[in-house]
Amino acid sequence: MFLRIAVDAMGGDHAPRSAVDGALLAVKEDSSLTVVLVGDETAIRQCLPADCPATIEIHHTTEIIEPEDEPVRAVRRKKDSSMVVMIDLAKQGRVDAAISAGNTGALMTAGLLIAGRMKGIERPALAAFIPNSLGKASLLLDVGANMDAKPMHLLQYAIMGSVYADKTLGFAKPRVGLLNVGTEAGKGNELCKEAYPLLASANLNFIGNVEARDAMQGTYDVLVCDGFSGNVMLKTLEGAASTIFSLLREEFTSSFLNKVAASILKPALGRFKKRMDYSTYGGVPLLGLCYPVFKAHGSSNSNAMKNAILVAAKYVTNDVNALIQKELEQFIQPHTESE
């Protein structure tokens with residue numbers, strides 16, 4: 001199966017270098033891929049080698065959506081931006097998936113306005129990976145696409161996340177949890193109390209409520225919440241990890257003996273850092289859109305972009321959108337009709 005993946009070459013902190021290098025690594029690892037780099041052709045060509053493979057293509061654009069741009073205004077006014085054109089290529093069927101490390105709000109806005117929502121989805125969700133103590137990663141959604149949510153939205157998130165975790169991440173019968181302040185069924189705010197029975201009655205491997213302190217214990221595969229809670233939790237974990245690495249670096253360089261200890265522990269610390277490294281997971285999908293759109297971390301390096309491309313390719317190969325749509329029709333429509 002030959003796939004075409006579009007990459008917003010102008011999005012991210014290290015654009016276009018990281019996008020170009022990531023694309024080169026991806027097509028080298030998977031010869032069935034063609035990567036279309038969308039953005040300023042001159043800037044992109046400056047990063048390409050003289051013997052650039054034929055599986056790397058360039059689609060020239062003249063505008064860039066900047067990190068500080070207001071999402072809706074930027075998407076509506078910058079019609080020839082790399083991000084907008086990239087998603088439009090997916091809608092036209094000229095590429096199979098689209099990936100950007102750029103402005104998250106603009107990417108979601110462009111996805112909604114250009115790609116559109118799946119039938120049965122009221123609010124698409126942005127997913128994120130949470131490393132756990134088992135050496136794997138769990139899926140958290142929503143992490144900021146929608147600050148508020150209704151109980152039915154959480155059910156939709158759970159179904160989409162469960163299908164994605166099963167077909168792309170390899171979790172058979174993914175364990176689905178509901179982020180809450182306690183494990184008992186009656187705990188939480190009104191949103192959690194009303195969402196709980198919906199999740200419990202759906203065709204999901206629902207394990208109940210999960211407290212934030214257990215987020216990295218590997219007790220679940222998919223964790224659902226509103227975008228406000230998810231974004232706070234994600235940034236808290238990122239901040240904690242950054243602080244831990246900073247403190248360790250400070251301690252291990254504070255004295256000669258500590259430096260000796262650091263040299264002995266270096267392999268173990270390297271493995272620990274790798275387990276916490278976002279680049280291992282590449283990109284995450286904006287679940288609920290009609291076409292596969294992926295968000296890579298803003299500071300993605302070439303390895304992260306490569307992995308984002310490969311994850312998107314696997315998503316398309318497994319036809320995850322069609323599987324999600326099938327699940328939605330079976331489990332959400334009956335609830336909607338009965339309300």
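What radius of gyration would a compact globule with 339 residues have, and what does the protein have? The rule for a globule gives a value near 20 Å, and the protein, a predicted model, comes in at 21 Å, which agrees. Laid along its principal axes, the C-alpha trace spans about 60 × 60 × 40 Å.

The overall picture can be filled in with a few totals. The chain is built from 12 helices and 11 strands. Of the 339 residues, 50% count as buried. Among contacts with a separation of 6 or more, 70% are made by residues 24 or more positions apart. As for the outside, the accessible surface comes to about 15800 Å², and carbon and sulfur atoms hold 53% of that. Charges are there too: 34 side chains are positive and 37 are negative, with the centres of the two sets 4 Å apart.

Helix 4 makes a handy stop on a tour of the fold. This helix covers residues 82-91 and is mostly covered, with eight of its 10 residues buried. The buried set starts with Ser82, Met83, Val84, Val85, Met86 and Ile87, and it is completed by Leu89 and Ala90. After helix 4 comes Gly93, which has a positive phi, near 80°.

Next come the aromatic rings. Two numbers describe a pair of such rings: how far apart the centres are and the angle of the planes. Searching the whole structure turns up three aromatic pairs. One of them joins Tyr196 and Phe206; their ring centres are 5.1 Å apart and their planes sit at 75°, so this pair is edge-to-face. Distant parts of the chain meet here, since Tyr196 belongs to helix 7 (residues 190-201) and Phe206 to strand 8 (residues 205-211), 10 residues apart. Phe206 has a relative accessibility of 16%, so it counts as buried.

Phe294 and Tyr315 form another edge-to-face pair, at 5.2 Å centre to centre with 90° between the planes. This one also links distant parts of the chain: Phe294 lies in strand 11 (residues 293-296) and Tyr315 in helix 10 (residues 302-317), 21 residues apart. Are these two rings' residues buried or exposed? Phe294 is buried, because its relative accessible area is 0%. Tyr315, at 2% relative accessibility, counts as buried as well. There is a third member to bring in here, as ring pairs tie Tyr164, Phe294 and Tyr315 together into a cluster.

Terms used:
Residues numbered from 1 in each chain as written. Heavy atoms only, no water. Buried < 20%, exposed > 50% of the residue type's maximum accessible area, 1.4 Å probe, protein only. Helix = DSSP H or I, 4+ residues; strand = E, 2+ residues; numbered from the N terminus. Rg over C-alpha atoms; globule rule 2.2 N^0.38 Å. Contact = heavy atoms within 4.5 Å. Areas by Shrake-Rupley, 256 points an atom, 1.4 Å probe, with all protein chains shown as cover. Lys, Arg positive; Asp, Glu negative; His and termini not counted. Charge placed at Lys NZ, Arg CZ, Asp CG, Glu CD. Phe/Tyr/Trp six-rings, centres within 6.5 Å; stacked < 30°, edge-to-face > 60°.
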